[in-house]
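Let's walk through a structure together, one question at a time. Have the sequence and the 3D view ready.

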Amino acid sequence: MTPAYAVPTTRIHSPARDPPRIANPGTSTAAPPPAHETWNSETVSDHVILLSPSANRVYAGNAHQLVAAELEILLGGEVQTEPVTIAAVSYLALPVSELDRRTVTALGALSAFFAAFRRDETNLLPVEITPPDRLDDDLVTIPKYPGKTNEQFTRLLTNVALASMTRTPNGATSILDPLAGRGTTLSTGLILGHDVAGVDGDLKAVEAYAAYLRTYLRRKRLKHTADLTPVRRDGKSIGRRLDVTVTPDGASRPQSLTVFSGDTRQSAALFGKRKFDAVITDAPYGVVHGSQTDVRGVSGKRDRSAAGLISEALPVWAGQLKTGGALGLSWNSLGVTRERLTELATGVGLRPLESGPYLRFAHRVDSSIHRDIFVAVKD
Ligand SMILES: C[S@@+](CC[C@H](N)C(=O)[O-])C[C@H]1O[C@@H](n2cnc3c(N)ncnc32)[C@H](O)[C@@H]1O
């Protein structure tokens, strides 16, 4: 497999510098890999990370770049990774000799983590990394539907936003996805142990998510409650509200989920005084799924670019953040520029994070979607 990025490796022809092999007692007599394999002679790093095989499909060949930026943010910029190729397999090299607790936690949370190895002169030795997940990841991988945000990418966005908060929540961290669809961000937040809330303009999506959660929680025999109730104003039904609590096995407290059907620009009215540690959302891309565009109700007009919706909704979302909370937004940069988002966020009192790893998330999804991530903090 040829990586789509430039790999800073040097070809070494000396048998004494053969690339290390995966340590496996059952195959310890296997012949060493051929001496022509690529191997980095400049910096012999002490750990390497193998990413999930599907990551390059999700990020159109840019997986190492995106995941390296994610890890840098999770570790507070203290470590720089680089891609290496060992025996024709790509890894991210992590130049630390010991994995401290913080790094182990970050690796476990990482969106595309598959395995980590300590490397010495001749071997790759597996390192046990336990993800922080409270619920199985099939909660987020089972649903398949048009317009679903990829679950690996959602975890990356969630990690980046949560790591950018400047507040330390007193108790459970709360996440709002004000464009929740059928709940990829909400389920990701639950898996990571947080309380979650959402809004979506598509009533059918909220109903489908409610039905899915009910079946899933029952089938997994998890202690839970789930209620889908009408929301009325002035005697008229204006939508529905989903309330779920779930207590993961071994957990001491239930986690909560609340979703309203409704317009995202009404999100503050729907949630009242409740504020959140993070607002994390994947904005509509301005593309058509089936017969509908995914942007709803901008001044009664059909605005395929999502620019109008974001500009009208951002002040509402900013108002729902606690001080020290973070906004993490993924969007289609073919429809709205980063400069415009910066202007909008600054205008509502948010501080955009626009240096180093925060500018390395842009990637192509297809010819009409170039996705990027925008993060801003409420000081
Ligand atoms: C990119 S999708 C998010 C998908 C979601 N992350 C998932 O995986 O299911 C954008 C969502 O925004 C919703 N949406 C668009 N305009 C809206 C509006 N004005 N108010 C509320 N939701 C809206 C759409 O219904 C869609 O579910």
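Q: What covers the buried residues of helix 3?
A: This is a predicted model, where local features need pLDDT of at least 70, side-chain atom pairs count only at pLDDT 80 or more, and totals for chains, interfaces and linings use all residues. Residues are numbered from 1 along each chain as its sequence is written. Helix 3 (residues 101-109) has Thr103, Ala106, Leu107 and Ala109 as its buried residues (20 or more other C-beta atoms within 10 Å of their own, C-beta atoms being placed from the backbone). The cover includes strand 4 (47-51), helix 2 (63-74), strand 7 (113-119) and helix 5 (151-164).

Q: Why do the buried residues of helix 3 lie on the same side?
A: Look at Thr103, Ala106, Leu107 and Ala109, the buried residues of helix 3. They share a side because of the arc they cover around the axis, taken from the directions from the helix axis to the C-beta atoms: only 165°.

Q: Which residue of strand 10 is the bridge partner of Ile175?
A: Ile175 is buried in strand 9 (residues 174-177), on the side it shares with Asp177. Strand 9 pairs with strand 10 (residues 195-200) in the parallel sense over 4 bridges, where pairing takes at least two DSSP bridges. The partner of Ile175 in strand 10 is Val196.

Q: In strand 14, which residue stands opposite Ile175?
A: Strand 9 also pairs in the parallel sense with strand 14 (residues 276-282), over 2 bridges. Opposite Ile175 in strand 14 stands Ala278.

Definitions and conventions
A residue is buried if 20 or more other C-beta atoms lie within 10 Å of its own, exposed if 12 or fewer, and partly exposed in between; C-beta atoms are placed from the backbone. Two residues are in contact if their C-beta atoms, placed from the backbone, lie within 7 Å.
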